Amino acid sequence: MAGKHMASSSLPNPRGGSSRSPILLLTFSLLSLSVLLFLFSVLPSHPNPKPSSNLNTRRPESNFVASLEHFLTSQSPGSRPIRDDTVGSDDPEAVKKFDDLLWQREIRRVYEDPYYPAATSAIRVYVYEMPAKFTYDLLWLFRNTYKETSNHTSNGSPVHRLIEQHSIDYWLWADLIAPESERLLKNVVRVHRQEEADLFYIPFFTTISFFLLEREQWKPLYREALKWVTDQPAWKRSEGRDHILPIHHPWSFKTVRKFMKNAIWLLPDMDSTGNWYKPGQVSLEKDLILPYVPNVDLCDAKCFSESESKRKTLLFFRGRLKRNAGGKIRAKLMAELSGVNGVVIAEGTAGEGGKEAAQRGMRKSIFCLNPAGDTPSSARLFDAIVSGCIPVIVSDELELPFEGILDYRKIVLFVSSADAIQPGWLLTFLKSISPAQIKEMQRNLAKYSKHFVYSSPAQLLGPEDLVWRMMAGKLINIKLHTRRSQRVVKESRRLCMCDCKRANFTGL
């Protein structure tokens, strides 16, 4: 019976088992301890390890529309905690207080960092939290209207495609405000206190507002943005010298940008003839050239390999044949090259059909002609680069992005306007390029193409990365001119400006 069985179990073992119980207990204890020590030796120090916050497994998206869709549905203002001390003030005391805070930080870095102010660490950027009408509202406007393909500019270019070409303001801003766990770039960090910043980023979408709003809408919006930014103590302190202003289309912000000429402008080129920028407004020392966003898809390693044997066309061009200003050279070039064997010259725009035609043509060609247009630069140059087609640049005033880092002679042929229009000269020159040199330039194009593809998340060695590498070289001069402007008596001594710099003119 159960009760009796339990009682009998407490009786002494007739075989003497009770005398061995201490030995068994000791043996069991030692065995348990050994098991525990083994488990501690093989298990990680943290029982529930979390994946590294620095690992970003999201596939980079280089299509503007697709990236914008993801951004707007995941980065709305209401869904993000805003830690921001943006403030507008007309009080001179606020400017002095901010200047003192910045001085305390900088002098501490002078004594603690033997390399300061050389850029040995990440650039610290303060991103203004501007009202939504300058930022999110404009992005939503583009998103909700981009399928309206009948909307064209006065010269026939599809408006939304044009905005995509100049969407550098979106790609930079989207990376700067992304959570650190999703970012790959480590040479720039966002700070949330203005006195910690090296530079200040102004997130106003000037190109979208110009092309998608009516004149009576964008003109007052420009004035509001101007007042909002210039009321900031940080702007007043430096007069904008440490502020980054993305105005990548030549028409962007044109009515008011003269009041912000000290800022670092992000530009497509440096047309200094006066057609787009007034003398003294732009300079390589102050501003930064950024590449257009390519219209065509990237020709990756597999594409390069497959297209190599298909490149039968010697020289290819597709675009507008009639342009103004320096672009008048196009008509002369077309008259010289039309109908020549091995040369394809076609009229076309940047619309969807134009994109496909340009992409096919570039991937079948050895050289791609890049003459000046209304401005010295065009997106066609970067279309050629990412297509593996060696650019032939005929634009004497052209300035190129990231030229402090990249040597364009390795991937581009530069031809003066005077030579290009001489009868037979251009074709003779191209045919003189050896197959070995062509192969080498094509290999270099495959390496360089990553430098011109914007993406989210921004990639190492992509254009967003190179922007901050170039910015690092500007920091010391920005601090120099800011401090000098604070002490120079303006009435008795000329401030160092760029007005005296000689413009670069193209002669035909």
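Buried, as used in these legends, means under 20% relative accessible area. The model shown is a predicted one.

**View 1. The whole protein chain.** Let's start with the overall picture. The protein chain has 508 residues, and 48% of them count as buried. Its secondary structure adds up to 19 helices and 11 strands. About 25800 Å² of the protein chain is exposed, with carbon and sulfur atoms supplying 56% of that area. If you look at contacts between residues at least 6 apart in sequence, 74% of them join residues at least 24 apart.

**View 2. A close look at Ser 252.** Ser 252 sits in the loop between β4 (243–246) and β5 (264–267). Is Ser 252 buried or exposed? Its relative accessible area is just 1%, which is under the 20% cut-off, so Ser 252 is buried. Skipping its neighbours within four places in sequence, Ser 252 touches Thr 206, Thr 207, Tyr 222, Ile 247 and Arg 257.

**View 3. Phe 204 and the largest nonpolar core.** This core has 123 residues. Which of them have the most contacts inside it? They are Leu 199, Phe 204, Phe 367, Leu 369, Trp 468 and Met 471. Zoom in on Phe 204 and, neighbours within four places in sequence aside, you'll find it in contact with residues including Met 130, Phe 134, Leu 138, Leu 221, Ala 225, Pro 246 and Phe 253. Tyr 222 is another contact of Phe 204, and Tyr 222 also touches Ser 252 from the previous view.

**View 4. A second, separate core.** This one is made of five residues, among them Met 362, Cys 368, Ala 384 and Cys 389.

Methods
Residues are numbered from 1 along each chain as its sequence is written. This is a predicted model: local features need pLDDT of at least 70, side-chain atom pairs count only at pLDDT 80 or more; totals for chains, interfaces and linings use all residues. Side-chain values use heavy atoms; hydrogens and water are left out. Helices (H or I, at least four residues) and strands (E, at least two) are DSSP runs, numbered from the N terminus. Buried means under 20% relative accessible area, exposed over 50%, partly exposed in between (1.4 Å probe, protein chains only). Contact means heavy atoms within 4.5 Å. Accessible areas come from the Shrake-Rupley method with a 1.4 Å probe; for residues, only the protein chains shown count as cover. A nonpolar core is a set of buried Ala, Val, Leu, Ile, Met, Phe, Trp, Tyr and Cys residues joined through side-chain atoms within 4.5 Å.
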